[in-house]
Amino acid sequence: MTITDVNDVDTTWTYYAPVNITFQLLTIQQSDIQLLTKAESSTSTTHPFYKQRFILEPLPTLRYHKAFLQL
């Protein structure tokens, strides 16, 4: 990650962190990716699914129905 001061572009900080991914070849695993039924921009900070200027409505099941046409 590199951070630059917008008021002084010559001032930059760089941070490195190792990322370890342990992948098991012979077992079934599930991703930590959150599946959503809807994602829309919003300014409603009181909405229970509000996060980072978006309403992110989680999918209540672990898979998408065939009627979903878009991820």
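Start by selecting Val 19, in the loop that runs between β2 (8–14) and β3 (36–41). The model is a predicted one. Val 19 has 67% relative accessibility and therefore counts as exposed, the cut-off for that being over 50%.

Keep Val 19 selected and add Ile 21, Phe 23, Leu 25 and Leu 26. Together these five residues make a nonpolar patch on the surface, with an accessible area of about 720 Å² in total.

Next, go to the sheet. Colour three strands in the order β3-β5-β4: they form an open sheet, and their pairing is antiparallel. The edge positions belong to β3 and β4 (50–51); each has a single partner strand, so one side of each has no neighbour in the sheet. Strands in a sheet pair through backbone hydrogen bonds.

Now narrow the view to β3 and β5. Strand β5 covers residues 54–58, and five bridges join β3 to β5, the two running antiparallel. To see one facing pair, select Glu 40 and look across to Ile 55 in β5, which stands opposite.

Stay on these strands and show the side chains of Lys 38 and Glu 57. Which two atoms should be picked for a distance? Take the closest N and O atoms of the Glu 57–Lys 38 salt bridge, which are 3.7 Å apart. Glu 57 belongs to strand β5 and Lys 38 to strand β3, so the pair ties together parts 19 residues apart in sequence. The salt bridge count for the model is one.

Last, switch on a surface over this pair. Glu 57 is partly exposed because its relative accessibility is 28%, and Lys 38 is also partly exposed, at a relative accessible area of 37%.

Technical notes:
Residues are numbered from 1 along each chain as its sequence is written. This is a predicted model: local features need pLDDT of at least 70, side-chain atom pairs count only at pLDDT 80 or more; totals for chains, interfaces and linings use all residues. Side-chain values use heavy atoms; hydrogens and water are left out. Patches are made of residues with over 30% relative accessible area and no salt bridge: like charges are joined within 9 Å, nonpolar side chains (Val, Leu, Ile, Met, Phe, Trp, Tyr) within 5 Å. Accessible areas come from the Shrake-Rupley method with a 1.4 Å probe; for residues, only the protein chains shown count as cover. A salt bridge is a side-chain nitrogen of Lys or Arg within 4 Å of a carboxyl oxygen of Asp or Glu. Helices (H or I, at least four residues) and strands (E, at least two) are DSSP runs, numbered from the N terminus. Buried means under 20% relative accessible area, exposed over 50%, partly exposed in between (1.4 Å probe, protein chains only). Two strands pair if DSSP finds at least two bridges between them.
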